[in-house]
Amino acid sequence: IKNEIKEASDSIEIFSILANVCNKERMTEVCNVFKVDTIYHAAAYKHVSIVEENPFEAVRNNILGTKICAESAVNSGVETFVLISTDKAVRPTNIMGATKRFAELLLQAINTDGKTRISIVRFGNVIGSSGSAIPLFQKQIKEGGPITVTHPEVIRYFMSIPEAAELVIQAGAMGEDGDVFVLDMGEPVKILEIAKRLINLSGMEIIDSENPQGDIEIEFTGLRPGEKLYEELLIGENVSKTAHERIMKAKEESLSFAVLESYIEKMAEAEQDNNITSLKSILKDAVQGFIPEERIVDVLHNQKNL
């Protein structure tokens with residue numbers, strides 16, 4: 001990443017810092033030494049299935065890491081703190097989405113004493129980002145197929161990397177304490193239609209019942225643990241326009257910081273025994289609309305119970 005930025009502009013001085021977002025002393029030191037003005041907090045475990053298999057690591061990184069970074073920013077007098085959130089935080093069906101919504105709740109509750117403007121920007125999938133479906137489909141086509149789609153009816157919102165970056169920066173600039181901004185992602189699209197289009201754009205034909213002599217087959221693998229058929233961007237109906245036509249502000253329910261800290265303490269107790277059932281119950285209490293996966297797919301839990 002450092003080299004990519006350097007190639008784009010030789011006039012910008014770049015510093016690469018290796019640090020863990022859960023290390024409060026390190027985070028505070030970075031903010032103070034560099035007199036940081038703005039933080040875009042994107043450090044999250046975001047892949048649904050991997051997080052479902054390692055839930056307590058997601059709690060530690062996505063929840064505690066966000067809390068620590070935000071508190072470090074406030075204590076260091078950072079002007080603006082922007083959390084990069086996700087549509088999966090809305091009525092989540094997976095641990096990843098629930099931890100991201102909990103992180104949103106924390107930022108809505110943190111008392112900044114006016115030192116730091118904290119805002120949250122929530123949006124869907126970014127084309128070409130790590131784990132995105134499109135690069136995977138392109139790789140599968142290059143290898144001769146099959147293209148793997150979880151379900152024929154899965155739909156997702158998509159946005160390009162430049163679009164997402166520009167809107168995140170603009171939303172962060174207009175944010176006040178605890179504002180939740182939602183980006184206009186346009187119309188959602190079927191993942192199946194994207195797969196078909198990529199096959200056609202590659203100059204190939206789909207193998208199906210009508211064309212058994214085609215080039216690439218589409219294989220349906222089934223929804224993964226915690227995966228939804230469709231995503232949403234708003235929890236409630238209370239949304240207002242902003243100065244930017246593609247950025248909306250959502251007014252959503254919040255919890256007090258004391259209540260959230262009590263939930264964090266309970267999650268820490270559940271982690272001692274790797275109690276996934278207890279963790280899901282705690283997150284269900286804290287996060288409005290969270291409907292957890294009934295199955296436990298935590299890798300260590302299941303390995304121990306073989």
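**Exercise 1.** Which strands does helix H6 lie across, and at about what angle does H6 run to S5?

*Solution.* Keep in mind as you work that this is a predicted model. Start by locating helix H6, which covers residues 133–142. Next, look at what H6 lies across: S5 and S11. Finally, compare directions: H6 runs at about 145 degrees to S5.

**Exercise 2.** Work out the strand order of the sheet that holds S5, S11 and S10, and find its edges.

*Solution.* The three strands form an open sheet, and their order is S5-S11-S10 with parallel pairing. Now check the ends: strand S5 (147–149) and strand S10 (206–207) each pair on one side only, which makes them the edge strands. Then zoom in on S10 and strand S11 (residues 216–220), which run parallel and are joined by two bridges. If you follow Ile206 across to S11, you arrive at its bridge partner, Ile216. To finish, add helix H8 (residues 191–201), which lies across S5, S10 and S11 and runs at about 165 degrees to S11.

**Exercise 3.** Classify the aromatic pair formed by Phe15 and Phe34, and explain what it ties together.

*Solution.* The structure holds one aromatic pair. In this pair, Phe15 and Phe34 sit 5.0 Å centre to centre, with 55 degrees between the planes. Stacked needs under 30 degrees and edge-to-face over 60, so the pair counts as tilted. Now place the residues: Phe15 is in the loop between helix H1 (2–8) and helix H2 (24–33), while Phe34 is in the loop between H2 and strand S1 (38–41), so the pair ties together parts 19 residues apart in sequence. As a last step, check accessibility: Phe15 is partly exposed at 48%, and Phe34 is partly exposed at 38%.

Technical notes:
Residues are numbered from 1 along each chain as its sequence is written. This is a predicted model: local features need pLDDT of at least 70, side-chain atom pairs count only at pLDDT 80 or more; totals for chains, interfaces and linings use all residues. Side-chain values use heavy atoms; hydrogens and water are left out. Rings of Phe, Tyr and Trp (its six-membered ring) pair if their centres lie within 6.5 Å; planes under 30 degrees apart count as stacked, over 60 as edge-to-face and the rest as tilted. Helices (H or I, at least four residues) and strands (E, at least two) are DSSP runs, numbered from the N terminus. Buried means under 20% relative accessible area, exposed over 50%, partly exposed in between (1.4 Å probe, protein chains only). Two strands pair if DSSP finds at least two bridges between them. Contact means heavy atoms within 4.5 Å. Axes are lines fitted to C-alpha atoms, for helices over the stretch in contact, and angles run from 0 to 180 degrees between N-to-C directions.
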